[in-house]
Amino acid sequence: MIHDRRSFLQLAGIASLSLFAAGCERNPKAASLAGLRELANAGQLHVGFIPYYELSAEQGAGRAPTGFLPDVFALFCQSAGIAFDKVRWRSMSWDSFASHVKTHAIELSISGTFITPERAKAVAFTHPLFALGNGAAARADDARFAGVTDVMQLDREGITIAVVTGEQSSEFVRAKFTKAKILPLDGPDLAAAPRAVEDGRADIAMSDQFILSRYIRERPALKDLLLGKPFSVLPIAWAVDKANGALLAEINPILDAIIGGPEFAALKRKYAVVPFAPLS
């Protein structure tokens with residue numbers, strides 16, 4: 001019995017490794033637009049997104065998200081001949097999207113992810129769609145932060161800064177800050193950072209200014225200390241596997257045409273709540 005059990009466990013371990021390797025194997029059909037069209041028609045094109053309010057709002061398992069980025073993706077699908085209604089969607093978090101791309105759990109991420117050096121080591125980004133800046137929220141009556149004009153003034157002893165793991169502000173403070181205590185928050189909800197200030201777990205919340213402005217509009221007890229003075233104004237793009245350079249070469253001209261066209265401009269007006277920053 002012991003021998004049989006040991007053999008079973010060994011076989012199970014081998015099977016698990018085989019399944020993992022199969023899951024990580026690059027899908028050759030994902031290396032071109034023609035391949036993406038074929039995958040979509042077969043109901044096998046997996047596209048990832050991160051729930052991000054008006055940028056990409058989750059509508060339930062198996063259903064297409066709504067928002068600015070899915071609307072842009074719909075324009076892309078129309079131009080690329082991809083069946084949008086046959087796409088299979090996968091909701092992700094900020095710290096998992098790169099692994100989803102690298103293991104081909106998805107073939108394309110349309111998440112609103114900042115292009116950062118750390119992320120660029122893991123995935124290949126398309127041309128940028130737009131840019132956003134980052135801010136820092138605190139209680140409006142917190143006199144400790146009166147007169148703050150630069151993000152580095154917040155790196156102080158005795159200060160706790162809440163950031164969502166994997167989000168760009170998290171990468172920033174990990175690389176730049178040495179004195180403040182960092183409170184990492186897991187999950188896709190960027191409102192978790194200002195919420196931590198509101199409930200007293202943190203002194204500062206860092207996130208992009210779209211999230212902060214959206215949150216603060218309904219909670220005047222908080223304020224963005226860096227309003228009009230954002231840090232890390234960075235471009236936002238979609239992502240594919242780094243091995244899919246040929247696919248990027250096909251995607252980018254289509255995106256460039258969309259971004260320069262009237263329908264894209266109309267979408268930006270439709271989603272005026274998003275503080276789009278110009279691409280430099």
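## Close-up views of a predicted model

**View 1. The largest nonpolar core of the predicted model.** This core holds 72 residues, and those with the most contacts inside it are L33, F68, F73, F76, I82, F130 and W238. Helix α3, residues 68-80, supplies the largest share of the core, with 8 residues. A second, separate core has 18 residues, among them A138, L154, M206 and L226. In soluble globular proteins, nonpolar side chains tend to be buried together.

**View 2. Surroundings of F130.** F130 is one of the residues with the most contacts inside the largest nonpolar core. Leaving aside residues up to four places away in sequence, F130 touches L55, F68, L69, L234, P235, I236, F276, A277 and L279. One of these partners, F68, is likewise listed among the residues with the most contacts inside that core. F68 also belongs to the α3 side of the contact between α3 and α10, which is the subject of the next view.

**View 3. Packing of helix α3 against helix α10.** The axes of α3 and α10 (residues 262-270) come within 10 Å and cross at roughly 165 degrees. Because angles over 145 degrees count as roughly antiparallel, α3 is roughly antiparallel to α10. The crossing of the two helices is right-handed. On the α3 side the contact is made by F68, D71, V72 and L75, and on the α10 side by E263, F264, L267, K268 and K270. Sorted by class, the contact of α3 with α10 has 5 nonpolar and 4 charged residues, and no polar ones.

**View 4. Surroundings of F172 in helix α6.** F172 is found in α6, which spans residues 168-176. The relative accessibility of F172 is 12%, so this residue counts as buried, the cut-off being under 20%. F172 touches V151, M152, F177, F231 and S232, not counting residues up to four places away in sequence. Of these partners, S232 is 60 residues from F172 in sequence, while the C-alpha atoms of F172 and S232 are 8.3 Å apart in space.

**View 5. The whole protein, for orientation of the close-ups.** The protein has 10 helices and 10 strands. Of its 280 residues, 48% count as buried. Among the contacts in the protein with a separation of 6 or more, 72% are between residues 24 or more positions apart. The pair F172 and S232 shown in View 4, 60 residues apart in sequence, is one example of partners that touch.

Conventions
Residues numbered from 1 in each chain as written. Predicted model: local features only at pLDDT ≥ 70, side-chain atom pairs only at ≥ 80, totals over all residues. Heavy atoms only, no water. Core = buried A, V, L, I, M, F, W, Y, C linked by side-chain atoms within 4.5 Å. Buried < 20%, exposed > 50% of the residue type's maximum accessible area, 1.4 Å probe, protein only. Helix = DSSP H or I, 4+ residues; strand = E, 2+ residues; numbered from the N terminus. Contact = heavy atoms within 4.5 Å. Axes fitted to C-alpha atoms, helices over the stretch in contact; angles between N-to-C directions. Parallel < 35°, antiparallel > 145°, perpendicular 65-115°, else oblique. Left-handed = near helix turned anticlockwise from the far one by under 90°. Nonpolar A, V, L, I, M, F, W, Y, C, P; charged D, E, K, R; others polar.
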